[in-house]
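Thanks for coming. I will go through one structure this morning, so please have the sequence and the model open as I talk.

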Amino acid sequence: MKVKRIVVPLDFSKFSDEALSYAIELAKKYSATLYAFHSIVLFQSEPESHSFSRDYDQYLKLQEEDSLALMAKHREEAEKHGVLLTSEVRRGFSAAEEVLQYAEEVAADLIVMGTHGRTGIKRWFNGSESERVVRLSPHPVITVHKNTGLPDHGKILVPVDFSDSSQKAALAGAQLAKELNLTPVFMHVVEYEIHPAFYSVNVASAFVVDENFEKRVTDRLKEFVNFEGEAVYLVKEGRAWNEIVEYARSEEVALITMGTRGLTGLDHLLIGSTAERVARFSEKPVLSIRTPIEANDKPSDKELKGSHS
């Protein structure tokens with residue numbers, strides 16, 4: 001996996017500090033450059049009074065000065081580890097839009113950002129904004145709850161739903177497994193429910209209805225990922241995001257790698273994204289790789305700003 005330019009969005013909370021620490025380790029591993037980025041989010045509407053406008057502009061200038069000072073400290077920390085860090089502070093109306101624009105400008109290979117778990121990043125980079133970056137970024141995104149470090153052993157969990165996006169993630173996961181000396185775990189979760197007719201005989205699982213079900217799915221999983229080497233293949237039943245998060249929590253998983261289809265608008269409101277839920281709830285770092293629905297697909301301005309109309 002090519003990792004030479006890593007963008008790290010920062011809001012200077014402890015959660016983005018964790019992401020930066022993780023990104024520094026990645027940069028050391030891949031001899032990459034870090035691009036630290038902070039967006040000062042503006043009001044959507046124009047101030048009505050001249051005095052308010054003057055005071056507000058002064059406030060923004062102070063925010064920029066404070067942000068640049070904090071960036072300088074982060075640059076010094078990265079340099080202690082032999083990592084080059086360049087920084088950028090901008091004003092904008094949408095954190096996600098600014099992050100994605102900056103990542104495109106610097107030709108990022110990867111975005112690494114912190115997350116506060118259940119409630120998203122607390123300050124300007126809240127949950128909906130971080131999930132929007134995961135959903136819309138053409139660049140791979142790693143979300144970090146806390147810096148668990150880059151281990152020299154353990155597992156990399158690769159959920160597979162047999163879609164094009166999960167195949168892309170499986171290829172990346174297999175490559176990362178070799179580069180980081182991790183054992184890949186390819187997992188498929190069956191989410192459908194058993195027909196009510198089986199309830200009367202206390203059957204509530206496809207594994208019980210069809211005794212060969214697990215073997216058939218496992219064989220298909222092996223054929224789909226086409227991985228040569230030592231690996232674990234799992235077939236589970238339940239809600240996909242919950243099974244993924246629980247397995248990663250209970251096992252020696254260093255990283256979760258999964259695909260996202262980049263759904264937008266009404267499709268996303270109705271279906272949501274397993275990758276987004278995993279990124280929100282997982283205690284382990286999550287690498288999300290987006291596969292656009294259509295070739296050369298790019299999010300519209302409304303999608304970047306969070307509008308679904």
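To begin with a single side chain: is Phe37 buried or exposed? Phe37 has a relative accessible area of 0%, and because the cut-off for buried is under 20%, Phe37 is buried. I should say now that this is a predicted model, and everything that follows is computed from it.

First, the overall content. The protein has 11 helices and 10 strands. Of its 309 residues, 50% are buried. Among contacts with a separation of 6 or more, 79% are between residues 24 or more positions apart.

Next, the sheet. The 10 strands form an open sheet, and the order is β3-β2-β1-β4-β5-β10-β9-β6-β7-β8. The pairing is mixed. Which strands stand at the edges? They are β3, residues 85-92, and β8, residues 232-237. Each has a single partner strand, so one side of each has no neighbour in the sheet. From one strand to the next, the twist averages 25°.

Let me take the middle of that order through β5, residues 141-144. On one side, β5 pairs with β4, residues 110-114, in the parallel sense over 4 bridges. Within that pairing, Gly114 has Val144 of β5 as its bridge partner. With β10, β5 pairs in the antiparallel sense over 3 bridges, and there the partner of Val141 is Ser288. As for the side chains of β5, Val141 and Thr143 point one way, while Ile142 and Val144 point the other way. All of these are buried.

Towards the β8 edge, β7, residues 183-190, runs parallel to β8 and is joined to it by 6 bridges. One of the bridge partners is Leu234 in β8, matched with Met187. Helix α7, residues 213-225, packs on the sheet here and touches β7 and β8. The direction of α7 makes about 130° with that of β8. Another helix, α5, residues 164-180, lies across β6 (155-159), β7, β9 (253-260) and β10 (286-290). Relative to β9, α5 runs at about 150°.

At the β1 strand, residues 5-9, I picked out Arg5. Arg5 has 34% relative accessibility and counts as partly exposed. Its C-alpha atom is separated by 5.0 Å from that of Ala108, although the two residues are 103 apart along the chain. Leaving aside residues up to four places away in sequence, Arg5 touches Ala32, Thr33, Tyr35, Val106, Ala107, Ala108, Asp109 and Leu110.

Now the nonpolar cores. Which residues touch the most other members of the largest core? Out of 54 residues, they are Ile6, Leu34, Leu110, Val112 and Phe186. Helix α1, residues 14-30, supplies the largest share of this core, with 8 residues. A second core of 16 residues is separate, and includes Val99, Leu100, Val106 and Ala108. Going back to Leu34, its contacts beyond four places in sequence include Ile6, Val8, Leu20 and Ile24, and also Val83, Leu84 and Leu85.

Last, the aromatic rings. How many aromatic pairs does a search of the whole structure find? The count is 5. One of them brings back Phe37, paired with Tyr102: the centres are 4.7 Å apart and the planes are at 20°, so the pair is stacked. Phe37 is in strand β2, residues 33-41, and Tyr102 is in helix α3, residues 95-105, so the pair ties together parts 65 residues apart in sequence. Tyr102, at 5% relative accessibility, also counts as buried.

Phe162 and Phe224 make an edge-to-face pair, with 5.3 Å centre to centre and 85° between the planes. Phe162 sits in the loop between β6 and α5, and Phe224 in helix α7, 62 residues apart. Both Phe162 and Phe224 are buried. Over the face of Phe162 lies Arg220, at 3.9 Å from the ring centre. There is also one aromatic cluster formed by Phe186, Phe227 and Tyr233. Phe186 was named earlier too, among the residues with the most contacts to other members of the largest core.

That is what I have; questions are welcome.

Key: Residues are numbered from 1 along each chain as its sequence is written. This is a predicted model: local features need pLDDT of at least 70, side-chain atom pairs count only at pLDDT 80 or more; totals for chains, interfaces and linings use all residues. Side-chain values use heavy atoms; hydrogens and water are left out. A nonpolar core is a set of buried Ala, Val, Leu, Ile, Met, Phe, Trp, Tyr and Cys residues joined through side-chain atoms within 4.5 Å. Buried means under 20% relative accessible area, exposed over 50%, partly exposed in between (1.4 Å probe, protein chains only). Helices (H or I, at least four residues) and strands (E, at least two) are DSSP runs, numbered from the N terminus. Contact means heavy atoms within 4.5 Å. Two strands pair if DSSP finds at least two bridges between them. Axes are lines fitted to C-alpha atoms, for helices over the stretch in contact, and angles run from 0 to 180 degrees between N-to-C directions. Rings of Phe, Tyr and Trp (its six-membered ring) pair if their centres lie within 6.5 Å; planes under 30 degrees apart count as stacked, over 60 as edge-to-face and the rest as tilted. A charge sits over a ring if NZ of Lys or CZ of Arg is within 6 Å of the ring centre and within 35 degrees of the ring normal.
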